[in-house]
Structure formats: C-alpha cells, structure tokens
Amino acid sequence: ALQWVIDNHEKYRITTINLAPVDDVAHAEPVPTDIDEKLAKLHELGIWVSAPTGNHGYTNGISWPASQPNCFAIGAVKPGNDEVHQDRHAKIVLVVPGAATSSSNAVVCGAVLILREAIEKSGYDWHKDGETLPDAMLKIMQETGVAVADPGSGLTFRRLDLKRALDRVYAAQ
C-alpha cells in the first residue's frame with residue numbers, strides 16, 4: 001500500500017497517511033521492518049505519515065509503526081482536559097484530544113490537511129521551519145501547541161492547537 005502511494009501520490013494528490021496498524025507492543029526504540037525504506041521515501045516526497053502510539057498506558061515505549069523513523073508518533077490527551085493518557089514515550093511528537101490514540105491520529109491527519117492548504121493559499125514560506133513540508137508543519141504545530149506535562153512519564157508534550165497554527169501561518173502574509 002505504501003508503494004502504491006509513492007507511485008500514485010501525484011495523480012491522486014495524496015498528501016497525508018494515517019498509518020494505524022499498531023502492534024500493541026511497547027517499543028522504546030525503532031525496530032527494523034520492511035516499511036522503513038518506504039516511510040523514508042514518503043517523507044522525502046513531502047507526504048505526512050503519522051501513527052497512533054497505542055492504548056495500553058505504556059510509559060516505556062509505544063507501538064509500531066509510531067516507533068519508526070519517518071513516522072510521526074501521535075499520542076492522546078483526554079478530551080476536555082489536558083491529561084495525557086494511553087501509551088506515551090519521548091518519541092511522541094504531538095498529543096491530540098481523543099479517547100484512543102487512533103482517534104487522536106485521525107484528528108491530526110485532518111488538521112494537517114487544513115494546515116497544508118493554509119500554507120499553500122497564504123504563500124507561507126515553510127522552508128524556514130523544516131527540511132520537508134511535513135517537518136515544517138510539525139514544527140508549526142509544536143511551537144503553537146499547548147505544553148502538557150505528564151506526571152506518569154515525567155515528560156512534557158505539545159497539544160495540537162490548530163487555530164494557533166493557522167493564525168501563525170496567516171499572520172506571516
């Protein structure tokens with residue numbers, strides 16, 4: 001499926017992948033797999049690829065494929081309050097409200113589509129924020145996101161604030 005996206009992303013204007021086949025194992029480090037090369041190619045092509053971290057409350061690792069390089073790991077905060085829950089680890093790049101991390105990842109994928117369109121329509125120069133458009137969008141979302149401390153892991157994450165991300169992009173006009 002990832003090779004199909006690589007081959008057809010221009011034809012079908014594919015810009016975002018919600019990659020959610022979690023393995024429910026706590027990986028503290030990436031595990032070499034057959035998709036790593038394809039993830040690197042998708043990242044190079046400017047296609048956002050993210051995955052949910054898992055829903056077991058692990059603090060010592062996150063599920064595959066979120067654990068892999070070139071795949072953004074998306075965690076969760078409880079809806080209506082900034083309490084980090086489900087699997088969490090230092091590899092998480094953003095937390096998003098959701099009862100499960102798969103919901104959080106779906107929300108961030110939608111936010112990425114909106115942010116990408118805002119960048120295109122506004123003429124925002126994303127190159128100052130990252131080497132690739134996915135890296136730049138992540139940096140914008142992290143820098144405009146709300147800091148959320150997680151006592152369970154001892155880490156602080158950034159929670160998506162799409163309005164602030166869009167305000168930043170449009171303020172640069």
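By class, four nonpolar, three polar and five charged residues line the largest pocket. The model on screen is predicted, and this tour starts at that pocket.

**Stop 1: the largest pocket**

Select H9, E10, R13, I14, T15, L45, G46, I47, L113, R116, E117 and E120, which form the lining of the largest pocket. The elements that each give two or more residues to this lining are helix 1 (2-12) and helix 3. Helix 3 gives the most, with four residues. The space inside the largest pocket comes to about 210 Å³.

**Stop 2: S104 in helix 3**

Stay on helix 3 and select S104, which has its place there. Is S104 buried or exposed? S104 counts as buried because its relative accessibility is 0%. Now show what surrounds this residue. Apart from neighbours within four places in sequence, S104 is in contact with I74, G75, A76, V96, P97 and G98.

**Stop 3: helix 5 and its two sides**

Move to helix 5, residues 162-171, and colour A165, L166 and V169, which are buried. These residues lie on the same side of helix 5, because they cover an arc of only 95° around the axis. Next, select K163 and A171: they are exposed, on the other side of helix 5. What do the buried residues of helix 5 pack against? Display helix 3 (101-122) and helix 4 (133-144), since these are the elements against which the buried residues of helix 5 pack.

**Stop 4: from helix 5 to helix 4**

Keep both helices in view and select E143 and R168. Their side chains meet in a salt bridge, 2.5 Å from N to O. Because E143 lies in helix 4 and R168 in helix 5, the pair ties together parts that are 25 residues apart in sequence. Both residues are partly exposed: E143 has a relative accessible area of 41%, and R168 has one of 24%. Add D129 and K139 to the selection; salt bridges that share partners join D129, K139, E143 and R168 into one network.

**Stop 5: two further salt bridges**

How many salt bridges does a search of the whole structure find? The search finds nine. Side chains of opposite charge can pair when their charged atoms come close.

Select R88 and D150. They form a salt bridge in which the closest N and O atoms are 2.7 Å apart. This pair links distant parts of the chain, 62 residues apart: R88 is in the loop between strand 4 (84-85) and strand 5 (92-97), while D150 is in strand 6 (residues 146-150). R88 counts as buried at 11% relative accessibility, and D150 counts as buried at 4%.

Then select K78 and E83, another salt bridge, with the closest N and O atoms 3.3 Å apart. K78 is partly exposed, with a relative accessible area of 33%. E83 is also partly exposed, with a relative accessible area of 37%.

**Stop 6: A20 and P65**

The last selection is A20, in the loop between strand 1 (16-18) and helix 2 (36-44). A20 counts as partly exposed because its relative accessibility is 41%. Add P65 and draw a line between the C-alpha atoms. A20 and P65 are 45 residues apart in sequence, and their C-alpha atoms are 7.7 Å apart in space.

Key
Residues are numbered from 1 along each chain as its sequence is written. This is a predicted model: local features need pLDDT of at least 70, side-chain atom pairs count only at pLDDT 80 or more; totals for chains, interfaces and linings use all residues. Side-chain values use heavy atoms; hydrogens and water are left out. Buried means under 20% relative accessible area, exposed over 50%, partly exposed in between (1.4 Å probe, protein chains only). The arc is that of the directions from the helix axis to the C-beta atoms. Contact means heavy atoms within 4.5 Å. On a 1 Å grid over the protein atoms alone, a cavity is a set of points where a 1.4 Å probe fits but cannot get out, and a pocket is an open set with protein on both sides within 12 Å along at least five of seven lines; lining residues have an atom within 4 Å of a point. Grid points are joined across faces, edges and corners, and a volume is the space filled by probe spheres set on the points. Ala, Val, Leu, Ile, Met, Phe, Trp, Tyr, Cys and Pro count as nonpolar, Asp, Glu, Lys and Arg as charged, and the others, Gly among them, as polar. A salt bridge is a side-chain nitrogen of Lys or Arg within 4 Å of a carboxyl oxygen of Asp or Glu.
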